[in-house]
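This report introduces a structure to a reader who has not met it before. Please keep the sequence and the three-dimensional view at hand while reading.

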Amino acid sequence: MIGGLYVARDSRVHAAAPGLKLAVLALAGTGLFFVRGPLPLLAALGAVLALYPLARLPIALAWRQLRPALAMLAILALVQLWTAGAAAALAVTLRFAALILLASLLTATTRTGALVETLERGLGWLRPLGADPAKVGLAISLAIRFIPALGTVAHEVREAQRARGLERGLLTLGVPLIVRTLKMADEIADAIDARS
């Protein structure tokens, strides 16, 4: 049912070509930066949320995808509130929430392998410039697969802290999470080096 970030369903969104979904994500993401004002952005966020039932995905999944980014969105909103006012803070928060949910919808409805193959084909024109589309595809694949792994590590760190009776805090979670993430990245790098 669930493999990485992909959620298997029988829907038109799932059946759409990965290239089409990537193009829609790129165009919609760019378009969101031209939309001004909280009300149009709230409508855009509503339109993105409406795509979840269309893809036969529960709205609860959208919340689960957005929840890890809430701290970042709050910091972004506070900075905007301080520098540009309440309307700008709300607009930036809505814009990034819509982008996150749209990207999450792409990864929930597209298998990682199909996404990477599409990106490799799309980046083939960079080959004469010295870029290797296969390496770019591998990097993107690793990044996509790293996201659920980081969630698992964060959950394990929280559980270990709870078992020890430690208070929850950004520093108490952040330091072990960074250390374990760097260790995991080193292990992945070693595995890649061993294969090549």
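In what follows, two residues are in contact when heavy atoms of theirs lie within 4.5 Å. The structure is a predicted model.

## Overall architecture

The protein contains 9 helices and 2 strands. Read from the N terminus, the order of its elements is β-β-α-α-α-α-α-α-α-α-α.

The protein has 196 residues, of which 28% count as buried. Its exposed surface comes to about 12,400 Å², and carbon and sulfur atoms supply 69% of that area. Considering contacts between residues at least 6 apart in sequence, 68% join residues at least 24 apart.

## Helices α2 and α6

Packed helices can be described by two quantities, the angle between their axes and the distance between the axes. For helix α2 (residues 18-32) and α6, the axes cross at roughly 180° and come within 10 Å. An angle over 145 degrees counts as roughly antiparallel, and α2 and α6 are therefore roughly antiparallel to each other. On the α2 side the contact is made by Lys21, Leu22, Leu25, Ala28, Gly29 and Leu32. On the α6 side it is made by Arg95, Ala98, Leu99, Leu102, Ala103, Leu106 and Thr109. By class, the residues of this contact divide into 9 nonpolar, 2 polar and 2 charged.

Leu25, a residue of helix α2, gives a local view of this packing. Apart from neighbours within four places in sequence, Leu25 is in contact with Leu102, Ala103 and Leu106. Leu25 and Ala103 are 78 residues apart along the chain, yet their C-alpha atoms are separated by 6.9 Å.

## Helices α3 and α4

How do helices α3 and α4 pack against each other? The axes of helix α3 (residues 38-54) and helix α4 (residues 59-66) are 8 Å apart and form an angle of about 125°. Angles over 145 degrees count as roughly antiparallel and those from 65 to 115 as roughly perpendicular; α3 and α4 fit neither description and are therefore oblique to each other. Helix α3 contributes Leu49, Tyr52 and Pro53 to the contact, while α4 contributes Ile59, Leu61 and Ala62. The contact of α3 with α4 has 6 nonpolar residues, with no polar and no charged ones.

## The loop between α3 and α4

Arg56 lies in the loop between α3 and α4. Its phi is near 60°, a positive value in a residue other than glycine. With a relative accessible area of 52%, Arg56 passes the 50% limit and is therefore exposed.

Pro58 is also found in the loop between α3 and α4. Its relative accessible area is 38%, which lies between the limits of 20% and 50%, so Pro58 is partly exposed. Leaving aside neighbours within four places in sequence, Pro58 is in contact with Arg9 and Tyr52. Tyr52 is also one of the α3 residues that make the contact with α4.

## Helix α5 and the residue after it

Helix α5 (residues 70-84) has 15 residues, and at 1.5 Å a residue these should span 21 Å. The C-alpha atoms at its ends are 20 Å apart, which agrees with that expectation. Just after α5, Gly85 takes a positive phi of about 105°.

## Further contacts of helix α6

Ile100 is found in helix α6. Not counting residues up to four places away in sequence, Ile100 touches Gln65, Leu66, Ala69, Met72 and Leu73. Ile100 and Gln65 are 35 residues apart along the chain, and their C-alpha atoms are separated by 7.8 Å.

Is Ser104 of α6 buried or exposed? Ser104, which has its place in helix α6 (residues 86-109), has a relative accessible area of 8%; this is under 20%, so Ser104 is buried. With residues up to four places away set aside, Ser104 touches Tyr52 and Gln65. Gln65 is thus touched by Ser104 and by Ile100.

## A residue in helix α9

Met184 is found in helix α9 (residues 170-195). Its relative accessible area is 19%, which is under the 20% limit, so Met184 counts as buried. The C-alpha atoms of Met184 and Val153 are separated by 9.9 Å, with their positions 31 residues apart along the chain.

How values were computed
Residues numbered from 1 in each chain as written. Predicted model: local features only at pLDDT ≥ 70, side-chain atom pairs only at ≥ 80, totals over all residues. Heavy atoms only, no water. Helix = DSSP H or I, 4+ residues; strand = E, 2+ residues; numbered from the N terminus. Expected span 1.5 Å × (residues − 1). Axes fitted to C-alpha atoms, helices over the stretch in contact; angles between N-to-C directions. Parallel < 35°, antiparallel > 145°, perpendicular 65-115°, else oblique. Nonpolar A, V, L, I, M, F, W, Y, C, P; charged D, E, K, R; others polar. Buried < 20%, exposed > 50% of the residue type's maximum accessible area, 1.4 Å probe, protein only. Areas by Shrake-Rupley, 256 points an atom, 1.4 Å probe, with all protein chains shown as cover.
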